[in-house]
Amino acid sequence: MGKVTGFLEYDRQEPKYQLAGDRIRHFREFTLPLDDKDVTRQAARCMDCGIPFCHGPTGCPVHNQIPDWNDLVFAGDWEEAARNLHSTNNFPEFTGRICPAPCEEACTLNLENVPVTIKTIEQTIADKAWDNGWIKPEVAGTVTGRRVAIIGSGPAGLAAAQQLARVGHAVHVFEREPKAGGLLRYGIPDFKMEKHHIDRRVVQMEAEGVVFHYGVNIGVNKDFAELEQEFDAVLMSGGAEAPRDPKLPGQELEGVHYAMPYLVQQNRRNGQEVVHDEPILAAGKHVVVIGGGDTASDCVGTAFRQGALSVTQLDIRPKPPMIEDKLAIWPYWPTKLRTSSSQAEGAEREFQAATLGLAGKKGRLTGVNCVRVDERRQPIAGAEFVLKADLVFLAIGFAGPVTAGLVDQSGVSVDKRGNVQADTEAYRTSRDKVFAAGDMRRGQSLVVWAIREGRQAARAIDEFLMGTSILPR
């Protein structure tokens, strides 16, 4: 709980960023971390609130024991804080950087709009654990002789692989790309999370016995049936990558792209990987991003770093309030105005703006035809307007997993949204010994939810193979 009177003595303090004019000149992380003294004071603000909603069902999906490690940080026992943190979260350096922190929204101090800086403390603990060599391979004491195949090395697949290896199973991860991480590596920009954080986890997991197979696309260059024959259990954790198609007039114009290919290209460049597709670059262009979520924001930040002349973001939703009605919403995730670091770098934001179509000349994009909408998202007569655009990114979410290849070949049942069908207890699909977790099962979601599902699926697989399990859910 930290210091009993800490929340009265210390103000909330957040890390600062490099100035926008400086940080858009590179793709590195730009957060300026707090020093240990300031972090300790922030941990001291954790109060004896009786019911810690921060790690309950409304707060942290992996149930981080937040008050416990806040108290340990306040007491100066960083190593024990790191052990406590890792007991519920395999990759806190990931979530400490890219999680939107529902725990902070659920914090009791958020009733006064000054929640504990939980995310900052989490990242600091994780980074300190790496810096001090406290994170080491945890090799299983016994070998079970059971083999598990994991398809996809995103956060769900990585979490499941690590948990299963630590109880003695032979774990093989099959990844389509040249490196592990899934959209952690290829979707999330480096300025939000540099990829060496993933690389050192892979080294740790390999030392724990996990075997990674890169360039293997199950259902495309390796049959799913082979996997079923070779392994005692199979976990499908391939993500939800099929983009939602708005079917806009003019979508075929040159200069119109889905968001993910654009982000993936830049991440490949940053990682010194070969980009085989036609380059998508924003330098010297007027860019419009259609969508109001995290992926749209990532496109904004990437476009500025590539030298875009202007970036405008279209959001069909009404502009939300600056501060939510606490007594009506807390401790649940509220709808309120949030400005990402990328948006703060100079983006124009248009709310209640729907896209009617894309305009062009000689097959080349020239503009976006828009209209203002009411709160029911219906067009307002006479409220049409046109935005000049040389480049448009469609960032309106994902429809579910790609069905061609793995899903079709496996024959597993899917729900009405196209996600692989499995419950959150057994995580088993309609096929014997085949399991599913992460976005492939639940649809597009947060990294922290994928880690939770990977951990829970690992326990379910261990119980399936051994009849019982010591792994936590």
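These are short questions and answers on a predicted model.

Trainee: Why is Glu177 called buried?
Mentor: Its relative accessibility is 13%. Buried means under 20%, so Glu177 counts as buried.

Trainee: What makes the contact between Glu177 and Arg176 a salt bridge?
Mentor: The side chains of Glu177 and Arg176 meet at 3.2 Å, N to O. The cut-off is within 4 Å. The pair therefore qualifies as a salt bridge.

Trainee: Is Arg176 buried or exposed, or in between?
Mentor: Arg176 is partly exposed, because its relative accessible area is 39%. Exposed would need over 50%, and buried under 20%.

Trainee: How do you know that Lys222 is buried?
Mentor: Its relative accessible area is 15%. That falls under the 20% limit, so the word is buried. Lys222 forms a salt bridge with Glu226, with the closest N and O atoms 3.1 Å apart. Glu226 has 31% relative accessibility and counts as partly exposed.

Trainee: What makes Glu324 and Lys326 a salt bridge?
Mentor: The closest N and O atoms are 2.7 Å apart. The limit is 4 Å, so the pair counts.

Trainee: Why are Glu324 and Lys326 called buried?
Mentor: Glu324 has 8% relative accessibility. Lys326 has 9%. Buried means under 20%, so the word fits Glu324 and Lys326.

Trainee: What joins Glu324 and Lys326 to Glu105, Lys336 and Arg338?
Mentor: Salt bridges that share partners link these residues into one network. The whole structure has 36 salt bridges.

Trainee: Why are strands E8 and E11 called edge strands?
Mentor: Each has a single partner strand, so one side of each is left without a neighbour in the sheet. The open sheet has five strands, in the order E8-E15-E9-E10-E11, and the pairing is parallel. The twist averages 20 degrees from one strand to the next.

Trainee: How do you know that E9 and E15 pair?
Mentor: Four bridges join strand E9 to strand E15. Pairing takes at least two, so E9 and E15 qualify. In E15, Phe393 is the bridge partner of Val289.

Trainee: Which helix lies across E8 and E15?
Mentor: Helix H13, residues 259–270, running at about 80 degrees to E8. Helix H14 lies across E9, E10 and E15, at about 175 degrees to E10.

Trainee: Why is Asp77 called partly exposed?
Mentor: Its relative accessible area is 35%. Partly exposed lies between 20% and 50%, so the term fits Asp77. Asp77 sits in the loop between helix H4 and helix H5.

Trainee: What makes the pair Asp77 and Glu80 a polar contact?
Mentor: The backbone nitrogen of Glu80 lies 3.2 Å from a polar atom of the Asp77 side chain. The limit is 3.5 Å, so the distance fits.

Conventions:
Residues numbered from 1 in each chain as written. Predicted model: local features only at pLDDT ≥ 70, side-chain atom pairs only at ≥ 80, totals over all residues. Heavy atoms only, no water. Buried < 20%, exposed > 50% of the residue type's maximum accessible area, 1.4 Å probe, protein only. Polar contact = N/O pair within 3.5 Å; in protein donor to acceptor, adjacent residues only side chain to side chain. Axes fitted to C-alpha atoms, helices over the stretch in contact; angles between N-to-C directions. Contact = heavy atoms within 4.5 Å.
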